[in-house]
Amino acid sequence: MTNSEAVTRTARVNFAKAAPKAFKALIGFDAAARQGLDPALVELVQIRSSQLNGCAYCLHMHTTDARKAGESEERLHMVTVWPEAAHFFTEKEQAALALTEAVTLVSRGGVPDDVYARAAAHFDEPELAGLLALIFTINTWNRIALSTAKVAGTDERVAH
């Protein structure tokens with residue numbers, strides 16, 4: 001099936017156009033969440049959440065953004081198995097990835113105290129709040145993309 005066939009077959013609501021206030025509010029929340037966080041870390045978090053949620057649209061977008069920002073192919077390939085490839089990531093990145101997994105998969109047992117404490121040891125309170133907000137936003141973006149059948153390889157951000 002080609003991308004155009006997938007778009008035609010699965011056409012769904014255009015969330016940005018149908019709910020512009022909600023969409024703009026989410027863009028604002030996303031932008032606020034990123035403030036004070038390392039851009040490379042932001043992409044790693046978004047990549048890991050998108051992997052866990054099975055969101056090809058967001059995964060393609062954020063791996064592309066990470067490459068443009070200078071992220072190595074080697075590290076991008078290791079994100080999905082970061083606990084077994086921990087030496088590719090700093091302690092701070094590992095703490096952020098662990099928190100990303102716990103929050104993204106929150107229905108599987110909440111956010112364990114040790115995972116939260118690990119993140120809190122590497123991020124001050126404003127950074128930790130921003131990291132949590134970033135995780136919340138990428139999970140929301142993943143759900144929007146999956147619910148509205150966004151096609152990986154397209155990037156509609158330039159249209160907004």
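Is Phe15 buried, partly exposed or exposed? Phe15 counts as partly exposed, at 25% relative accessibility. The points below concern a predicted model.

1. Aromatic contacts. The structure holds two aromatic pairs. In one of them, the ring centres of Phe15 and Phe23 are 6.4 Å apart and the planes stand at 65°, so the pair is edge-to-face. Phe23 also pairs with Trp141: here the centres are 5.5 Å apart and the planes are at 75°, so this pair too is edge-to-face. The Phe23 and Trp141 pair links distant parts of the chain, with Phe23 in helix 3 and Trp141 in helix 9, 118 residues apart. Phe15, Phe23 and Trp141 together form one aromatic cluster.

2. Burial within the cluster. Phe23 has a relative accessible area of 12% and is therefore buried, the limit being under 20%. Trp141 is buried as well. Phe15, at 25%, is partly exposed.

3. Salt bridge within helix 3. Six salt bridges turn up in a search of the whole structure. One of them joins the side chains of Asp30 and Arg34, with an N to O distance of 2.4 Å. Both residues lie in helix 3 (residues 20–34), four residues apart, which is about one turn of the helix. Asp30 is buried, its relative accessible area being 7%, whereas Arg34 is partly exposed at 28%.

4. Salt bridge between helices 6 and 7. Glu93 and Arg75 form a salt bridge whose closest N and O atoms are 2.8 Å apart. This pair links distant parts of the chain: Arg75 belongs to helix 6 (residues 73–78) and Glu93 to helix 7, with their positions 18 residues apart. Glu93 counts as buried at 8% relative accessibility, and Arg75 counts as buried at 15%.

5. Salt bridge between helices 7 and 9. Glu127 forms a salt bridge with Lys92, and the closest N and O atoms are 3.7 Å apart. Glu127 is in helix 9 and Lys92 in helix 7, so placed that the pair links distant parts of the chain, 35 residues apart. The relative accessible area of Glu127 is 21%, which makes this residue partly exposed. Lys92, at 31%, is partly exposed. Elsewhere, Glu71, Arg75 and Glu93 are joined into one network by salt bridges that share partners.

6. Helix 9 and its ends. Helix 9 covers residues 125–147, 23 residues in total. From its first C-alpha to its last the helix reaches 33 Å, close to the 33 Å expected at 1.5 Å a residue. Asp124 caps the N-terminal end, with a side-chain oxygen 2.9 Å from the backbone nitrogen of Glu127. Glu127 thus appears twice in this note, as its side chain pairs with Lys92 in a salt bridge. Following helix 9 is Ala149, which has a positive phi, near 60°.

7. Nonpolar surface patch. Val106, Val111 and Tyr116 make a nonpolar surface patch of about 240 Å². Val111 sits in the loop between helix 7 (91–104) and helix 8 (113–122). What is the exposure class of Val111? At 32% relative accessibility, Val111 counts as partly exposed. Patches are made of residues with over 30% relative accessible area, so Val111 meets that cut-off.

Note on methods: Residues numbered from 1 in each chain as written. Predicted model: local features only at pLDDT ≥ 70, side-chain atom pairs only at ≥ 80, totals over all residues. Heavy atoms only, no water. Patch = residues over 30% accessible without salt bridge, like charges linked within 9 Å, V, L, I, M, F, W, Y side chains within 5 Å. Areas by Shrake-Rupley, 256 points an atom, 1.4 Å probe, with all protein chains shown as cover. Salt bridge = Lys/Arg side-chain N within 4 Å of Asp/Glu carboxyl O. Helix = DSSP H or I, 4+ residues; strand = E, 2+ residues; numbered from the N terminus. Buried < 20%, exposed > 50% of the residue type's maximum accessible area, 1.4 Å probe, protein only. Expected span 1.5 Å × (residues − 1). Polar contact = N/O pair within 3.5 Å; in protein donor to acceptor, adjacent residues only side chain to side chain. Phe/Tyr/Trp six-rings, centres within 6.5 Å; stacked < 30°, edge-to-face > 60°.
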